[in-house]
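Happy to walk through this one with you. Let's take the model a question at a time.

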Amino acid sequence: MNDEILARLAEVLEERKAADPQSSYVAKLYDKGLDAILKKIGEEATETVMAAKDGAGERIVSEVADLWFHCLVLLAHQGLGPTAVLAELDRRFGLSGLEEKARRGE
């Protein structure tokens with residue numbers, strides 16, 4: 001079911017590329033360009049951190065949803081999609097975080 005939600009969102013985000021910026025929030029973000037999308041991701045990440053610091057469970061979920069959504073907008077803007085991220089997470093599954101960081105030279 002979760003993959004289905006991501007696939008539906010990805011489809012809508014692709015459709016919004018052709019939408020009038022006056023009729024769609026996402027189309028307006030696309031129209032403003034990469035910097036506007038990145039700014040929203042930064043704002044949502046900050047709001048997620050603040051919600052977590054407050055320990056507000058419902059607000060954390062809401063802010064993470066906003067963050068994920070704007071990350072999906074970024075992926076679509078860059079010609080990518082959630083399946084690429086899911087494939088990367090699957091590739092990493094079973095590796096320790098320390099091993100993964102060592103492979104990336106971090």
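Q: Is Lys 53 buried or exposed, and what is its relative accessible area?
A: Keep in mind that this is a predicted model. Lys 53 has its place in helix α3. A residue counts as exposed when its relative accessible area is over 50%. Lys 53 passes that cut-off and is exposed, with a relative accessible area of 73%.

Q: How far is the C-alpha atom of Lys 53 from that of Ala 18?
A: Along the chain, Lys 53 and Ala 18 are 35 residues apart. In space, the separation of their C-alpha atoms is 39 Å.

Q: Which helix gives the most residues to the largest nonpolar core?
A: In soluble globular proteins, nonpolar side chains tend to be buried together. Here the largest nonpolar core has 12 residues, among them Leu 13, Val 26, Ile 41 and Leu 67. Two or more residues come from each of α2 (25-32), α3 (34-54) and α4 (57-77). With 5 residues, the one that gives the most is α4.

Q: Leaving aside neighbours within four places in sequence, which residues is Leu 67 in contact with?
A: Leu 67 belongs to the largest nonpolar core, and so does Ile 41. Once neighbours within four places in sequence are set aside, the contacts of Leu 67 are Ile 41, Glu 44, Ala 45 and Thr 48.

Q: Where do the buried residues of α2 fall, seen down the axis of the helix?
A: The buried residues of this helix are Val 26, Ala 27, Leu 29 and Tyr 30. Seen down the axis of α2, they fall within an arc of 155°, so they line one face of the helix.

Q: Which residues are exposed on the other side of α2, and which helices do its buried residues pack against?
A: On the other side of α2, the exposed residues are Asp 31 and Lys 32. The buried residues of α2 pack against α1 (2-16), α3 and α4.

Q: Which residues are linked with Lys 40 in a network of salt bridges?
A: Side chains of opposite charge can pair when their charged atoms come close. Lys 40 forms a salt bridge with Glu 43, with the closest N and O atoms 3.2 Å apart, and Glu 44 forms one with Lys 40 at 3.4 Å. Lys 40 and Glu 43 are 3 residues apart in helix α3, so about one helical turn separates them, while Glu 44 and Lys 40 are 4 residues apart in helix α3. The network thus links Lys 40 with Glu 43 and Glu 44.

Q: Which counts as buried, and which as partly exposed: Glu 43 or Glu 44?
A: Buried means under 20% relative accessible area. Glu 43, at 29% relative accessibility, counts as partly exposed. At 5%, the one that counts as buried is Glu 44.

Q: How far apart are the closest N and O atoms of Glu 88 and Arg 92?
A: A search of the whole structure finds 7 salt bridges, and one of them joins Glu 88 and Arg 92. These residues are 4 apart in helix α5, so about one helical turn lies between them. Glu 88 is partly exposed at 29% relative accessible area, and Arg 92 is partly exposed at 29%. Their closest N and O atoms are separated by 2.9 Å.

Q: What is the accessible area of the surface patch formed by Val 85, Leu 86 and Leu 89?
A: Leu 89 lies in helix α5 (residues 82-92). With Val 85 and Leu 86, Leu 89 forms a nonpolar patch on the surface. Together, the accessible area of these residues is about 230 Å².

Notes: Residues are numbered from 1 along each chain as its sequence is written. This is a predicted model: local features need pLDDT of at least 70, side-chain atom pairs count only at pLDDT 80 or more; totals for chains, interfaces and linings use all residues. Side-chain values use heavy atoms; hydrogens and water are left out. Patches are made of residues with over 30% relative accessible area and no salt bridge: like charges are joined within 9 Å, nonpolar side chains (Val, Leu, Ile, Met, Phe, Trp, Tyr) within 5 Å. Accessible areas come from the Shrake-Rupley method with a 1.4 Å probe; for residues, only the protein chains shown count as cover. A salt bridge is a side-chain nitrogen of Lys or Arg within 4 Å of a carboxyl oxygen of Asp or Glu. A nonpolar core is a set of buried Ala, Val, Leu, Ile, Met, Phe, Trp, Tyr and Cys residues joined through side-chain atoms within 4.5 Å. Buried means under 20% relative accessible area, exposed over 50%, partly exposed in between (1.4 Å probe, protein chains only). Contact means heavy atoms within 4.5 Å. The arc is that of the directions from the helix axis to the C-beta atoms.
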